[in-house]
Amino acid sequence: MPSMRKDLTLFGGYHSPQVEVDVRLNTNESPLGPSIEFLSDLQAAIQSLSLNRYPDRTAARLREALAALHDVSPDEIFIANGSNEVISTLLLAYGGPGRKAMTFEPTYAMYAQVAKVTSTEHVGIERGLDFTLDLAAVLDANIKYRPDIVFFCSPNNPTGLDEDPEIISKLAEDSNPLIIIDEAYGQFASFSALKLARSHSNIVVSNTFSKVWSMAGLRLGYLIGPKEIIDNLWATCLPYHIDSIKQAAGLLALGHLDAMQATHDLILAGRYQFETGFDALDVIYWKSSANFILFRAPHGKGDELWKMLVDGSVLVRNCSGWPRLSDCLRVTVGTPQENDRFLKVLSEALVELRSEVDPR
Ligand code: PMP
C-alpha cells in the first residue's frame with residue numbers, strides 16, 4: 001500500500017457537523033423541497049430515459065436552456081455536479097503546481113481546500129474590519145502575489161455581504177488573473193456579476209441549483225464565461241460526468257420558474273423576519289444579501305450559544321472558532337415556522353447568557 005500524499009495526510013477535509021435536530025438551519029439549503037409538479041414531471045422524464053446508455057456528454061439541451069435564461073451562448077456554459085465541482089474543475093485546469101490562487105478571508109473554505117488538493121498555492125488576504133474589500137488593498141495584493149486565479153464570492157459566505165463590482169473590474173483590467181465570481185447565493189442579491197463576465201475575457205461566474213432551486217440533493221452547478229475558458233473545462237472534466245437524470249432535472253426545473261420565484265420570495269421574507277428579530281433582541285449581525293445571516297453571540301459565548309440552540313433542537317453553523325469570527329454563528333433562513341422557532345430559542349438563550357455576562 002502506498003501512503004496517502006504527504007501534503008494531504010494531516011488535512012481534515014471539509015466538515016459541516018450534523019446533529020439530529022428538529023430545525024436544520026446550518027447548510028444554506030432551501031427550506032422547501034422541489035414542487036410536486038416538478039417531482040411528477042421528473043418521474044415521467046426518468047421513465048423515458050435510456051439509462052443503459054451514457055448521457056449526453058455536453059448536456060446540450062440543459063446548456064441551451066441555461067443560455068436562454070442568462071442570455072448568453074450555450075458555448076459559454078460549463079456544467080458540473082454542484083458548483084463545488086465547478087471550483088475543482090477550474091483549479092484542475094488553471095491551478096496546479098507552480099500556480100497560485102488568491103482568496104479574501106473569511107470566505108468559502110472550499111477554495112482553499114481544493115487549492116490544496118490540486119497542489120495550487122493558496123494566498124488568503126484579510127478583508128477589512130467590516131469584512132468589505134478595499135480597492136487599494138486588492139490591487140496591492142495582486143501586485144505582491146501575482147496570483148493566477150482570484151476567487152470572489154458574492155454574496156460572500158459566511159458574511160453575506162456583496163462584493164464590490166468596481167473592485168472586480170478594476171482588478172480584471174489591472175492585470176490578467178482568471179477571476180472567478182462565485183454566485184451560489186447570487187439570486188438573493190440585488191446585483192449580478194454576470195455583466196462583468198460578458199465584458200471581460202478573464203472573468204467567469206459560477207452558479208448552483210442547490211439554493212433557490214431547492215435541488216441541493218441533485219448536485220448541479222454551472223459556470224458562465226468566455227468560450228475559450230469553457231472549452232478548457234470541458235476538456236478537463238471526466239467524460240459523461242453529468243448523468244441523464246440530473247440533466248433532465250435541471251431542464252425541468254428551468255420550466256418551473258414560478259416555484260423557484262415563490263421559494264425566493266419566501267426566503268427574502270424570512271431574511272427580513274431574522275433582521276427584525278435580531279434588531280428586537282439587540283443582536284449584532286451583518287446585513288446579508290444571501291439566504292443566511294452571520295450574527296454574533298455575547299462576548300466569549302459563541303460555543304455556548306450554539307450548544308443552547310442545539311439543546312432547543314435548532315442547528316446553526318458555529319463559526320466561532322474560525323479566524324476573525326470569534327463568537328459568530330451563521331443561520332440559514334428556513335420556513336416561517338422554523339424561523340419563529342429559531343428566534344424563540346435564541347431569545348431564551350440570550351436571556352440566560354446575558355444574565356451570566358451582566359448579573360445585575
Ligand atoms: N459556493 C458557495 C459560496 C457555497 O456556500 C456553496 C455551498 N455551501 C457552494 C459554492 C457549493 O454549492 P454546490 O456544490 O451545492 O453547488
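**Close-up views of a predicted two-domain model**

**View 1. Helix α9 is tucked into the structure.** Of the 11 residues in helix α9 (residues 244–254), eight are buried, so this helix is largely enclosed by the rest of the structure. Here buried means under 20% relative accessible area, exposed means over 50%, and partly exposed is in between, with a 1.4 Å probe and protein chains only. Helices (H or I, at least four residues) and strands (E, at least two) are DSSP runs, numbered from the N terminus. Please keep in mind that this is a predicted model, in which local features need pLDDT of at least 70, side-chain atom pairs count only at pLDDT 80 or more, and totals for chains, interfaces and linings use all residues. Residues are numbered from 1 along each chain as its sequence is written, and side-chain values use heavy atoms, with hydrogens and water left out. The buried residues of α9 are Ser244, Lys246, Gln247, Ala248, Ala249, Gly250, Ala253 and Leu254. Their cover includes α1 (36–47), α2 (60–70) and α10 (257–281).

**View 2. Leu51 meets the start of α9.** Leu51 sits in the loop between α1 and α2. Leaving aside neighbours within four places in sequence, Leu51 is in contact (heavy atoms within 4.5 Å) with Ser244 and Ile245. Leu51 and Ser244 are 193 residues apart in sequence, and their C-alpha atoms are 7.4 Å apart in space.

**View 3. Two domains make up the chain.** The domain assignment gives domain 1 (6–32 + 258–357) and domain 2 (37–255); such bounds come from an automatic or database domain assignment. Taken over C-alpha atoms, the centres of domain 1 and domain 2 are separated by 25 Å. In this pairing, 28 residues of domain 1 are in contact with 33 residues of domain 2.

**View 4. A nonpolar core lies between the domains.** A nonpolar core is a set of buried Ala, Val, Leu, Ile, Met, Phe, Trp, Tyr and Cys residues joined through side-chain atoms within 4.5 Å. The largest one has 104 residues, and those with the most contacts inside it are Ile79, Phe278, Phe295, Phe342 and Leu346. Helix α12 (residues 336–357) gives the largest share of this core, seven residues. Domain 1 and domain 2 both contribute residues, so this core lies between them. A second, separate core of seven residues includes Phe131, Leu161, Leu294 and Cys319.

**View 5. A seven-stranded open sheet, with helices across it.** The strand order is β2-β8-β7-β6-β5-β3-β4, and the pairing is mixed; two strands pair if DSSP finds at least two bridges between them. At the edges stand β2 (77–80) and β4 (121–126), each with a single partner strand, so one side of each has no neighbour in the sheet. On average, neighbouring strands of this sheet are turned by 25 degrees against each other, direction ignored. Axes are lines fitted to C-alpha atoms, for helices over the stretch in contact, and angles run from 0 to 180 degrees between N-to-C directions. Strand β3 (residues 100–105) pairs with β4 in the parallel sense over six bridges, and Glu105 has Glu126 in β4 as its bridge partner. Lying across β3 and β4 is helix α5 (residues 135–145), which runs at about 155 degrees to β3. Helix α8 (residues 227–236) lies across β2, β6 (178–182), β7 (203–208) and β8 (221–224), at about 30 degrees to β2.

**View 6. A five-stranded open sheet, with β12 covered.** This mixed sheet has the order β1-β11-β12-β10-β9. Its edges are β1 (23–25) and β9 (284–285), each with a single partner strand, so one side of each is left without a neighbour in the sheet. Helix α11 (residues 302–311) packs on the sheet and touches β10, β11 and β12, its direction making about 155 degrees with that of β11. Five of the five residues in strand β12 (residues 328–332) are buried: Cys328, Arg330 and Thr332 on one side, with Leu329 and Val331 on the other. Strand β10 (residues 292–296) runs antiparallel to β12 and is joined to it by five bridges, with Ile293 opposite Val331. Two bridges join the antiparallel strands β11 (residues 314–318) and β12, where Asn318 has Leu329 as its bridge partner.
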